[in-house]
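Grab the sequence and the 3D view, and let's work through a few exercises together. Try each task yourself before you read the solution.

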Amino acid sequence: MDAFQDHYPENVAHCYGCGRLNDHGHQIKTVWEGDETVTRFTPEPYHTSVPGFVYGGLIASLIDCHSTGSAAAAMYRAEGRDLDSLPPFRFVTGSLHVDFLKPTPIDGPIELRGRITEVKGRKVVVETAVLAAGVLTARGNVVAIQMPEDFGTAKPG
Ligand SMILES: CCCCCCCC/C=C\CCCCCCCC(=O)SCCNC(=O)CCNC(=O)[C@H](O)C(C)(C)COP(=O)(O)OP(=O)(O)OC[C@H]1O[C@@H](n2cnc3c(N)ncnc32)[C@H](O)[C@@H]1OP(=O)(O)O
């Protein structure tokens with residue numbers, strides 16, 4: 001499968017949620033389906049909260065990386081650029097909001113379906129529906145911001 005995350009340059013492919021080079025991470029894969037971005041993920045038994053249901057932090061994590069990947073893909077699409085073209089668009093999470101609507105059953109795949117609701121300057125807003133067996137169990141709203149060149153090097157304070 002040719003997913004957005006397969007195009008992340010090696011130096012930013014270690015993210016716990018989406019880095020293909022992180023052996024301990026979720027290694028999520030996201031693709032376009034029309035105007036929606038879609039991630040499918042099958043939880044493991046150890047992703048339990050209450051027995052039978054998925055831990056909410058995992059759902060937040062999936063929404064997070066699904067959304068930053070979707071934001072980058074949306075920016076490439078808006079500019080008519082190929083995913084491998086340079087310079088790469090790199091997005092980090094500015095804000096992550098999750099509404100947990102129903103318990104998410106752990107015994108099957110989870111589907112995340114994202115819509116891009118705003119592209120403005122360095123900011124992309126992604127709204128995501130989380131579905132288990134076709135039932136909406138959570139909603140996410142993420143503000144993704146294009147990474148500044150000095151990300152991680154700026155001194156606190
Ligand atoms: C498809 C193929 C792609 C191929 C290539 C892609 C390469 C892949 C690259 C990378 C992937 C790997 C990475 C994945 C990451 C996964 C998710 C995470 O875990 S990320 C870690 C957790 N997040 C942080 O650590 C951020 C820490 N925060 C910051 O560094 C800054 O606060 C930052 C960058 C988020 C914003 O700082 P400013 O100084 O640049 O922002 P200002 O210029 O003030 O604002 C720009 C716009 O953003 C809004 N904004 C900023 N922060 C916001 C916030 N918290 N909530 C809402 N809006 C916010 C502002 O209101 C402004 O919007 P207005 O233009 O006025 O409309």
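**Exercise 1. Find how E3 and E6 pair, and pick out a bridge partner.**

Step 1: E3 and E6 pair in the antiparallel sense over nine bridges. Pairing here takes at least two DSSP bridges between two strands. Strands are DSSP runs of E with at least two residues, helices are runs of H or I with at least four, and both are numbered from the N terminus.

Step 2: Look up His-97, and you'll find that its bridge partner in E6 is Asn-141.

Before going on, a word on what you're looking at. This is a predicted model, where local features need pLDDT of at least 70 and side-chain atom pairs count only at pLDDT 80 or more, while totals for chains, interfaces and linings use all residues. Residue numbers start from 1 along each chain as its sequence is written.

**Exercise 2. Take stock of the whole protein chain.**

Step 1: Count the elements, and you get one helix and six strands.

Step 2: Now read along the sequence; the pattern is β-β-α-β-β-β-β.

Step 3: Check the overall dimensions. The C-alpha trace spans about 45 × 35 × 30 Å along its principal axes. The protein chain has a radius of gyration of 15 Å, which agrees with the value near 15 Å for a compact globule of 157 residues. That radius is taken over C-alpha atoms, and the globule rule is 2.2 Å times the number of residues to the power 0.38.

**Exercise 3. Put the strands of the sheet in order and walk across it.**

Step 1: The sheet is open, has six strands and runs E1-E2-E4-E5-E6-E3, with antiparallel pairing. At its edges sit strand E1 (30–33) and E3, each of which pairs on one side only. On average, neighbouring strands are turned by 25° against each other, direction ignored.

Step 2: Start with E2 and E4, an antiparallel pair joined by five bridges. Val-38 has Arg-113 of E4 as its bridge partner.

Step 3: Move on to E4 and E5, antiparallel again, with ten bridges. Here Arg-115 is matched with Glu-127 in E5. The hairpin of E4 and E5 has two residues between the strands, and Gly-121 takes a positive phi near 60° there.

Step 4: Next come E5 and E6, which run antiparallel and are joined by ten bridges. Val-124 stands opposite Ala-144 in E6. These two strands form a hairpin with two residues between them, and Ala-133 in the turn has a positive phi of about 50°.

**Exercise 4. Place the helix against the sheet.**

Solution: H1 lies across E1, strand E2 (36–41), E3, strand E4 (110–120), strand E5 (123–132) and E6. Its direction is at about 130° to E3. Axes are lines fitted to C-alpha atoms, for helices over the stretch in contact, with angles from 0 to 180 degrees between N-to-C directions. Contact means C-beta atoms, placed from the backbone, within 7 Å.

**Exercise 5. Which residues surround the ligand, and which elements supply them?**

Step 1: There are 31 residues around the ligand, and the closest are Phe-4, Pro-88, Arg-90, Gly-94 and Ser-95. To count, a residue needs its C-beta atom, placed from the backbone, within 6 Å of the molecule.

Step 2: Helix H1 (56–78), strand E3 (91–100) and strand E6 (135–146) each supply at least two residues of this shell. H1 gives the most, with seven residues.

**Exercise 6. Hunt for backbone oddities.**

Step 1: Go to the loop between H1 and E3, where Pro-87 has its place. A cis peptide bond joins Leu-86 and Pro-87, with omega about -5°.

Step 2: Now try the segment before E1, which holds Gln-27. Phi of Gln-27 is near 50°, a positive value in a residue other than glycine.

Terms used. Contact = placed C-beta atoms within 7 Å.
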